[in-house]
Amino acid sequence: MQSLIAAFHAQVDRTPDAIAVTFEGSSLTYGALASRASGIAARLQSLGCGPDSVVGIALERSIDLCAAVLGVLESGAGYLPLDVNYPADRLAFMLEDARVKVVIGQSLLLKDVAPGPRLKPSSGPEHLVYAIYTSGSTGKPKGVAMHQAPLTNLIEWQLRDSKFGHGRTLQFAPLSFDVHFQEMFSTWCAGGTLVMIREELRLEAVKLLELLQKERVQRLFLPFIALQSLCEVATSHGVYPSELVEIVTAGEQLQVTPQVVKFFEALPKCRLFNHYGPSETHVVTSLPLEGAPSSWPRLPSIGKAIDGIECVIVDPEKLTRVANGSEGELLLGGIGVARGYLYRPELTAQKFITWEGKRWYRSGDLSRVGTDGNIEFLGRIDGQVKVRGYRIELGEVEVAVQSADSKIKSVAVTVREDDPGDKRLVAYFVADGDGAALVPIIRAKLESTLPDYMVP
């Protein structure tokens, strides 16, 4: 199995002058991007970075961000996305917890690094590619250690399964959301062009629609809430991105709303895929939506396992298989399972188990197999939720609210969906004295310690 950085360089050798990435009028060819990445890799190796060391990436969206990702992988190390909008305390925790050796910031890229020759591969299938931190039920985030083999399997499957080819893909997901990897490498390994956008554009559906037309984007990866927003704007304006041929949605329950139906009816050549998979496995199942959009189910299933993946539904207490059609916990196995959580052996042992002689990840997702053989997602068996595509442990938010002020006696956090598709975290608390007066105090404390998507 060829490593992903080797697959990228193979594409560089085939099409050195093709455009690999564009951003606001600037672009780099495959050859130029590879040279810039190799310069970063050489610098990282000179600083002692190599297989299984962790390099932080703290960059705004840019062409340099792409070079940094590739440079870290060419050095043999893995990378830790550091969202510059996260509270300082959370970033400090991640840096310490992941034992980060070096952080790539603008100064390192622009002042210390020049293009360089390609380095020899120094990492293998079991070495770290990235660590992504997810919410923790005890109030402590945990870093998912994803290695080469699952991601190589995913990209190889994506290239076989998709009829998309080497077109133009929008880079929508933030680096802290694992879909970014699928966007980047399924594009580069096919010789396509990655279209980068600023963070603010992700949240403005009208401007995003305009950009899709202007940049002739052909493929999108979007969580449902962003897809719904795009469909609403497109249908209300009567403007549809005519170049689109493939949309992949993941991260939360797909809903086939009237706006989604109208959008795909207006773009008959555009296909919709529903992907499923937690950060601990990345994508493990896929459902292509077939036939007339008006015939699609209101709440589509998550489909069937992709190549190299095993999905089994078991009784969550007895860990015994359930009959088809019966509800149970979804176990995920095969080549797609991550190594575990960074430096958290006890938690890793709880969630990554050996069962029937194989290694599995306990997803915590309640599921069943339908009559058509597709897996239906039925919710969670614990306190975990998905909001805007991000996985959130309600317990972590409850701990943060509880610790905001000594007058707070008890807390409950839940998700409300007053408008279809618009999920919001809501916190309820009991306190001594005037609870209303505590609200701004709590909010200020949460905004200083939690990412914005976790603030109720």
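Here are some friendly notes on the predicted model shown above, one point at a time.

1. **Ground rules.** Residue numbers start from 1 along each chain as its sequence is written, and side-chain values use heavy atoms, with hydrogens and water left out. Because the model is predicted, local features need pLDDT of at least 70 and side-chain atom pairs count only at pLDDT 80 or more, while totals for chains, interfaces and linings use all residues.

2. **Overall build.** The protein chain contains 14 helices and 24 strands; these are DSSP runs numbered from the N terminus, with H or I over at least four residues for helices and E over at least two for strands. Its C-alpha atoms fill a box of roughly 65 × 50 × 50 Å along the principal axes. The radius of gyration is 22 Å, which agrees with the value near 23 Å for a compact globule of 456 residues. That radius is taken over C-alpha atoms, and the globule rule is 2.2 Å times the number of residues to the power 0.38.

3. **Burial and contacts.** Of the 456 residues, 57% count as buried. Buried means under 20% relative accessible area, exposed over 50%, and partly exposed in between (1.4 Å probe, protein chains only). Contacts here are heavy atoms within 4.5 Å. Among contacts with a separation of 6 or more, 68% join residues 24 or more positions apart.

4. **The largest core.** The largest nonpolar core has 67 residues, and those with the most contacts inside it are Phe-8, Leu-33, Ile-57, Tyr-79, Phe-181, Phe-185 and Trp-188. Helix α3 (residues 63-75) gives this core its largest share, nine residues. Such a core is a set of buried Ala, Val, Leu, Ile, Met, Phe, Trp, Tyr and Cys residues joined through side-chain atoms within 4.5 Å. Another core lies apart from it, with 35 residues that include Phe-172, Leu-208, Val-256 and Cys-270. As background, nonpolar side chains tend to be buried together in soluble globular proteins.

5. **Tyr-79 as a way in.** If you want one residue to click on, try Tyr-79: leaving aside neighbours within four places in sequence, its contacts include Val-55, Ile-57, Val-69, Val-72, Leu-73, Leu-175, His-180 and Phe-181.

6. **Helix α7.** Ten of the ten residues of helix α7 (residues 179-188) are buried, so this helix is largely enclosed by the rest of the structure. The buried set takes in polar names too, including His-180, Gln-182, Glu-183, Ser-186 and Thr-187.

7. **Gln-11.** This residue sits in helix α1 (residues 4-14). Gln-11 is buried, with a relative accessible area of 6%. Beyond its neighbours within four places in sequence, Gln-11 is in contact with Tyr-30, Trp-188, Cys-189, Ala-190 and Gly-191.

8. **Two positive phi values.** Most residues other than glycine have a negative phi. Asp-52 has phi near 70 degrees and lies in the loop between α2 (30-46) and β3 (54-57); its relative accessibility is 33%, so Asp-52 counts as partly exposed. Arg-216 has phi near 55 degrees and lies in the loop between α9 (205-214) and β10 (219-222). Arg-216 is partly exposed, at 44% relative accessible area.

9. **Pro-223.** Pro-223 is in the loop between β10 and α10 (224-237), and counts as buried at 9% relative accessibility. Not counting residues up to four places away in sequence, Pro-223 touches Phe-172, Thr-249, Ala-250, Glu-252 and Gly-389. The C-alpha atoms of Pro-223 and Val-179 are separated by 9.6 Å, with the two residues 44 apart along the chain.
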